[in-house]
Amino acid sequence: MKEYKFKINGKDYTVAVNGIEGKNAAVTVNGVNYNVELENAPAAVPAAPAAAAPQAAAPAAAPAAAAPAGGKVIASPLPGVIISVDVKEGQAVKRGQKVAVIEAMKMENEILAECDGTISAIHVNKGDSVLEGDKVVTIA
C-alpha cells in the first residue's frame, strides 16, 4: 500500500493506493474506500498511482463512494451550496430519489440516492458550502 497526501483547492486529502489490477485501482481517500478506473493502465505500480489517484478519486467520488461502516455515502458531485435537504434520518429511500439540492454556478442540481435503503446519517445542512466529494448523506 502506498500513501500520498494532497491539497486540492485548499482541502487536504490522504490517498492510499491499496492495489491496482489492470485499469482498476482500489484506493482510500480520507478513510473512504473507492474503486476507480485509471485512464492509462500503469506500467509500474509505484509510478502511476501518484498521478492517477487524485484525478480519478475526486471526480469519481459520488458514484463509487462506500462508507466503511457498510453504508453507501452519497457525496456532492460538485462544489456549491446546499439549498435543501429533502430526507430525514431513518427515512426509507429508493434509488433515484432526491436526497438534497445543491446550487452551483447559479444552477440547481439534484443529488439522488444511488441505492435503495434507509438514511443513516445526514452530513450537511441547508446553507452549507460543500466541495466536490464531500459527504451529503449515508444510506444503510
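**View 1. Strand S12 and its two partners.** In this predicted model, strand S12 spans residues 135–139 and is mostly covered, with four of its five residues buried. Start here and look for the neighbouring strands. Strand S5 pairs with S12 in the antiparallel sense, over four bridges. To find your way along this pairing, pick out Val73, which stands opposite Thr138 in S12. Strand S10 (residues 117–122) also runs antiparallel to S12, and three bridges join these two strands. A handy landmark for this pairing is Ile122, whose bridge partner in S12 is Val137. As a reminder, strands of a sheet pair through backbone hydrogen bonds, either parallel or antiparallel.

**View 2. An open sheet of four strands.** Now move to a sheet whose strands follow the order S9-S8-S6-S11. The sheet is open, and its pairing is antiparallel. Which strands are at the edges? They are S9 (107–112) and S11 (129–130), each of which pairs on one side only. Zoom in on S6 and S11: these strands run antiparallel and are joined by two bridges. Here you can spot Gly80 standing opposite Val130 in S11.

**View 3. Ser76 and the residues around it.** Ser76 sits in a loop, with strand S5 (72–75) on one side and strand S6 (80–85) on the other. Is Ser76 buried or exposed? Its relative accessible area is 1%, so Ser76 is buried. Leaving aside residues up to four places away in sequence, Ser76 touches Ile102, Ile111, Val130, Leu131, Glu132, Gly133, Asp134 and Val136. Val130 may look familiar, as this residue of S11 is the one opposite Gly80. Keep Asp134 in mind too, for the next view.

**View 4. The salt bridge between Lys11 and Asp134.** The count of salt bridges in this model comes to two. In one of them, Lys11 joins Asp134, and the closest N and O atoms are 2.1 Å apart. Lys11 belongs to strand S2 (residues 11–21), while Asp134 lies in the loop between S11 and S12, so the pair ties together parts that are 123 residues apart in sequence. How exposed is each partner? Lys11 is partly exposed, at a relative accessible area of 24%, whereas Asp134 is buried, at 15%.

**View 5. The salt bridge between Glu114 and Lys72.** Here the side chains of Glu114 and Lys72 meet, with an N to O distance of 3.7 Å. This pair links distant parts of the chain, 42 residues apart. Look for Glu114 in the loop between S9 and S10, and for Lys72 in strand S5. You have met strand S5 already, as an antiparallel partner of S12.

**View 6. Met105 and Lys106 in the loop between S8 and S9.** What is the sign of phi at Met105? Phi is positive there, near 55°, in a residue other than glycine. Most residues other than glycine have a negative phi. Met105 lies in the loop between strand S8 (98–104) and S9, and Lys106 also belongs to the loop between S8 and S9. Lys106 has a positive phi as well, near 60°. To finish, check how open these residues are. Met105 counts as exposed because its relative accessibility is 74%, which is over the 50% cut-off. Lys106 is exposed too, with a relative accessible area of 79%.

Note on methods. Residues are numbered from 1 along each chain as its sequence is written. This is a predicted model: local features need pLDDT of at least 70, side-chain atom pairs count only at pLDDT 80 or more; totals for chains, interfaces and linings use all residues. Side-chain values use heavy atoms; hydrogens and water are left out. Buried means under 20% relative accessible area, exposed over 50%, partly exposed in between (1.4 Å probe, protein chains only). Contact means heavy atoms within 4.5 Å. Two strands pair if DSSP finds at least two bridges between them. A salt bridge is a side-chain nitrogen of Lys or Arg within 4 Å of a carboxyl oxygen of Asp or Glu.
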